[in-house]
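Please examine the chain shown below before reading on. The report that follows describes selected features, one topic at a time.

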Amino acid sequence: MHDSSVSDPRHLDDTPAPFAVVDIRSVLASRPCRLPNYEAEDRAFGVLAAELAEAPRNMLQKLAETALDLCHADTAGISLLEEHDGVELFRWEGLAGVFAAARNNTMPRNASPCGVCIDENATQLMYLADRCFPALRRDPRFVEILMIPFNYQGRPVGTVWVVTHRVDRKFDREDERLMRTLAAFASAGWQLWRAQEQQKNLPALLLRAHEAERILLASELHDDLAQRLVVLSMEASALLKSSPKSPPEHIREIRDLGKKIGGLADRVHRISHQLHPAILKDLGLESALKEECRSFSQRWGVPVQFKAVDVPRSLPGDIALCLFRVAQESLLNIGKHADAKKVRVRLVRGKADLALFIEDTGDGFDAEHARGKGRLGLISMEERVRLVNGKFKIRSQHGVGTKVEVHVPLPEMAL
């Protein structure tokens, strides 16, 4: 571990060292953590959101400047993984701070610590990384580097990172939390910029931006608001225990307050799950749909029969997300409008595709009329399916019910 008594980074040990020596991410769990500055965050994220809507590529540079400011770093940047003439390398798309002039410079993948971050698809914290990655040898030295990957369709495509050139500045869990949020912005900005470059149509752009916004909002709800509600619940319980001789009406009020806080915490958790279900990535589409059906029944009081037949455990992220969102939107419509007595959801693997069927015995509606009216839910489902080269059908009859049918071709690896 490093010696914090050394004040000049030039005098620190520069003996070549293996990765195990420069890797210090384990210290994040034990380091003192500075308090969040939510006011500064809100201002910064508001600027990034506006820039994302106007100019996604410019937002990536603005994001590097934001990381520099929020994490009190000396250098900050965004490294994109690219291939040129058959060689993989990282290009600094955004750069701020001490080495800002090096923006758009490149570094071979195997010579950069970002390569480790991409390979492991996880947070990295390194100390004097130039001992293991000689290409980093600069003046001033890279004392600590905190790196977070950002993904596209479940695959890491770049990293957001901050550097300190001082031995008295050490990154902590608050820096990691901030960087994770910024990584979500980076993913959205990269995707929108790429989509514009490839002249993607507007519905595809809006869906991807909306999905990135869902992920960001879910993260904020789970990591910030939910934790604050837990603290409030604990404080209410402590207040109840410390006031045994209070008037009965005060005791009841405190107890009722605790119940309301607990109910609100459950509501926040449910909204966070609806925005971005972590179970989809952790356990797969089948488990995510089963849980969504259970949650729907609990919320609306309508029984759901769920059946999955020979569903691949591993699916491309875009296909899994597409089918999950179609099911989620369909169930929400059933709960709000159908007055159904029962629902059936089936997920079935065919010879070359994966099929999703959602049927209800509700009121039904005129699907063509709804499509002509530009109902956003129906349009978004059709667009999601189109983006994964699938086929979408909806049949509905007044007084009989509705059936949604989706067929998505599977890549050979999932057959």
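## Loop residues with positive phi

Histidine 72 has a relative accessible area of 46%, so this residue is partly exposed. The model is a predicted one. Histidine 72 is placed in the loop between H3 and strand E1 (75–84). Although histidine 72 is not a glycine, its phi is positive, at about 50°.

Asparagine 104 also has a positive phi, near 75°, and is likewise a residue other than glycine. The loop that holds asparagine 104 runs between strand E2 (87–97) and strand E3 (106–108). With a relative accessible area of 41%, asparagine 104 is partly exposed, because that class covers values between the limits of 20% for buried and 50% for exposed.

## A cis peptide bond

Another backbone feature concerns a proline. The peptide bond that leads from aspartate 139 to proline 140 is cis, and its omega is near 10°. Proline 140 is found in the loop between strand E4 (124–127) and strand E5 (144–152).

## The chain as a whole

The chain has 415 residues, and buried residues make up 48% of them. Its secondary structure comprises twelve helices and eleven strands.

Among contacts in the chain with a separation of 6 or more, 65% come from residues 24 or more positions apart. The surface that the chain exposes amounts to about 21500 Å², of which carbon and sulfur atoms supply 53%.

## Helices H2 and H3

How do helix H2 and helix H3 pack, and at what angle? Helix H2 (residues 38–54) packs against helix H3 (residues 56–70) at about 165°, and their axes are 8 Å apart. H2 is therefore roughly antiparallel to H3, since an angle over 145 degrees is counted in that class. The crossing in which H2 passes H3 is right-handed.

On the H2 side, the residues that make the contact are Ala40, Glu41, Ala44, Phe45, Val47, Leu48, Glu51, Leu52 and Glu54. On the H3 side they are Pro56, Asn58, Met59, Lys62, Leu63, Thr66 and Leu70. Sorted by class, the residues of the contact of H2 with H3 are ten nonpolar, two polar and four charged.

## Helices H9 and H10

A second helix pair is formed by helix H9 (residues 285–300) and H10, whose axes come within 10 Å and cross at roughly 10°. H9 is therefore roughly parallel to H10, because angles under 35 degrees are counted in that class.

H9 contributes Leu285, Ala288, Leu289, Glu292, Cys293, Phe296, Arg299 and Trp300 to the contact. These residues meet Ala320, Leu323, Phe324, Ala327, Gln328, Leu331, Leu332, Ile334, Gly335 and Lys336 in H10. The contact of H9 with H10 has 13 nonpolar, two polar and three charged residues.

## Glycine 335 within H10

One residue of this helix pair may be considered individually. Glycine 335 is situated in helix H10 (residues 317–338). Is glycine 335 buried or exposed? Its relative accessibility is 18%, so glycine 335 counts as buried; the limit for that class is under 20%.

Which residues does glycine 335 touch, when those up to four places away in sequence are not counted? They are Phe296 and Trp300, and both names appear among the H9 residues that meet H10. Glycine 335 can also be related to glycine 362: the two are 27 residues apart in sequence, and their C-alpha atoms are 9.6 Å apart in space.

Methods. Residues are numbered from 1 along each chain as its sequence is written. This is a predicted model: local features need pLDDT of at least 70, side-chain atom pairs count only at pLDDT 80 or more; totals for chains, interfaces and linings use all residues. Side-chain values use heavy atoms; hydrogens and water are left out. Helices (H or I, at least four residues) and strands (E, at least two) are DSSP runs, numbered from the N terminus. Buried means under 20% relative accessible area, exposed over 50%, partly exposed in between (1.4 Å probe, protein chains only). Contact means heavy atoms within 4.5 Å. Accessible areas come from the Shrake-Rupley method with a 1.4 Å probe; for residues, only the protein chains shown count as cover. Axes are lines fitted to C-alpha atoms, for helices over the stretch in contact, and angles run from 0 to 180 degrees between N-to-C directions. Angles under 35 degrees count as roughly parallel, over 145 as roughly antiparallel, 65 to 115 as roughly perpendicular and the rest as oblique. A crossing is left-handed if the near helix is turned anticlockwise from the far one by less than a right angle, and right-handed if clockwise. Ala, Val, Leu, Ile, Met, Phe, Trp, Tyr, Cys and Pro count as nonpolar, Asp, Glu, Lys and Arg as charged, and the others, Gly among them, as polar.
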